[in-house]
Amino acid sequence: MDSLGSWRRTHYTSEINGEMDGEEVTVMGWVNSIRKLGKLIFIILRDREGTIQIVIPKQKVPEEVFNIGKSLGREDVIAIRGKVVANEKAPGGCEIVPLEIRVLNRAESPLPLDPSEKVPADLDTRLDNRFLDLRRPKITALFKLRSEMLRAVRDTFYREGFIEVNTPKLVASATEGGTELFPLSYFEREAFLSQSPQLYKQMLMAAGFERVFEIGPIFRAEEHNTRRHLNEAISIDCEMSFADERDAMEMLEKVVYNTLLHIKEHCRRELELLDVDLKIQDIPFPRLTYDEVVDIVNTRGVEMEWGEDLSRAGEKVLGEYMEGFYFITKWPRDIRPFYTLPCEEDPKLCKAFDLMYKDLEIASGAQRNHIYPLLVESIKRMGLNPESFESYLQAFRYGMPPHAGWGLGADRFMMVLGGQKNIRECVLFPRDRHRLTP
RNA sequence: GCCCUGGUGGUGUAGCCGGGCCUAUCAUACAGGACUGUCACUCCUGUGACUCGGGUUCAAAUCCCGACCAGGGCGCCA
């Protein structure tokens, strides 16, 4: 085994081409595959950006180089200093003839799964050996896509005058209602992992921050076991003052639309690898009211009473009826959280919305209830105790502007962008009902 | 949490219905050998597996029960 020493990579494999014939380069990466043909050895070297062929003809390289080449196995980590040779017979039209090879680390064998994708592996096996799974170009592509998605989302927020914030993930209250929280011990007290930055975002409206966004983890202790649920997820959240639910929907459209454009333009290679034909959907996205949704779902043979949330069957028929992204607006007040502002014209309804992609809910938001007495009443209505919201409610008593916002599930958004059927595919190290490692 | 399906070498599979010719199939990986243009290299040789526990039977990978694990569906998801 050799040390890196003073060697540094001069090129990623993708940066080398036939026009560099004769140039000396240093490349580093993993042995993707190796074919030993007696006195001739071919290595496909893989780095983050791609692969390149290394050719080792016994007659034309130092004996030591040939011997090292012969000793290599799959996924060994090597560095090669060598000459670029343009050659039509090589994949990509060029290859490297090594002057010197350094073996930086050996890989044990057999490997727990096959990164070259000749033999498929179950998702469970892949997640158990995720670092190896992630060496597969297709999988790497998905996470490059994710990185660019986050960049596009951030860019849009900054361009629109939002401040990026971080709110606590360790919280005291288990009384927000709704979802189950993960309890944990906090010195001599009990604490919980935050299910959403909701209450903090709103307090920042009282702080006069006007427009904030946060990209961070949320934790839900539900025992769900589906392709679209995780117990730890990343939420893209925003909140804006002096705005109503229509402003919030427009902002959400901008974020989604800009991300589609950005990915389409900057991730051609990744989309191709993933075999995704990303459609740019013009804005505004269609808006359905909850009332319309109830009609559509019932007309298509799935029973749905007014006042019920969409069942999975309901989502499916709706997803068949609607193409791409669409909003559902004007929800019944009783099935939305207490911080949603009721409609003035009909107190049974509220100013909440969901953003759907086909049959998948990817975001939800609303104009928030900024009127203190009405908010207290709503908390009671939901069977919750206003006293446990004291530090939150305080913020509404000394000048809280009208405001609206939403939360977009980053991992679900990735399912749409990357064409994935299982949300676990979109997360490096997913946390679900049974998986806590790696 | 409920329902359905499944668990066979490192990985992915065939065999299971109709128990015995299974000393368990194939691919890939791995080890050794031959090979100077491979690109899923080819060829020869070799190594390696029936999730666990109980039961039925002369006989269980195969049938039955339970546990564990996985996949899918549903529920839950302010």
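A polar contact is a pair of N or O atoms within 3.5 Å. The structure described here is a predicted model, and several contacts of this kind link its protein to RNA strand B, as listed below.

| Atom of RNA strand B | Protein partner | Distance |
|---|---|---|
| phosphate oxygen | polar backbone atom of Asp122 | 3.1 Å |
| base oxygen | N or O atom in the side chain of Gln59 | 3.2 Å |
| phosphate oxygen | polar backbone atom of Arg312 | 3.4 Å |

**Surface near RNA strand B**

Around RNA strand B there are 49 residues, and those that come nearest are Arg35, Gln59, Arg227, His229 and Pro337. By residue class, this surface comprises 18 charged, 18 polar and 13 nonpolar residues. Four elements each contribute at least two residues to the surface: the strands β1 (24–36) and β2 (40–47), and the helices α2 (123–128) and α9 (312–321). On the RNA side, sugar or phosphate accounts for 57% of the atoms of strand B within 4 Å of the protein, and bases account for the rest.

**Barrel and helix α1**

Strands β1 and β2 also belong to a closed barrel of five strands, which runs in the order β1-β2-β3-β5-β4 with mixed pairing. From one strand to the next, the twist averages 55°. Within the barrel, β3 (residues 50–57) and β5 (residues 94–105) pair in the parallel sense over two bridges. Ile54 has Ile96 of β5 as its bridge partner. Helix α1 (residues 63–71) packs on the sheet and touches β1, β2, β3 and β5. The direction of helix α1 makes about 70° with that of β5.

Conventions:
Residues numbered from 1 in each chain as written. Chains lettered and ligands numbered in written order. Predicted model: local features only at pLDDT ≥ 70, side-chain atom pairs only at ≥ 80, totals over all residues. Heavy atoms only, no water. Near = heavy atom within 4 Å. Polar contact = N/O pair within 3.5 Å; in protein donor to acceptor, adjacent residues only side chain to side chain. Nonpolar A, V, L, I, M, F, W, Y, C, P; charged D, E, K, R; others polar. Pairing = 2+ DSSP bridges. Axes fitted to C-alpha atoms, helices over the stretch in contact; angles between N-to-C directions. Contact = heavy atoms within 4.5 Å.
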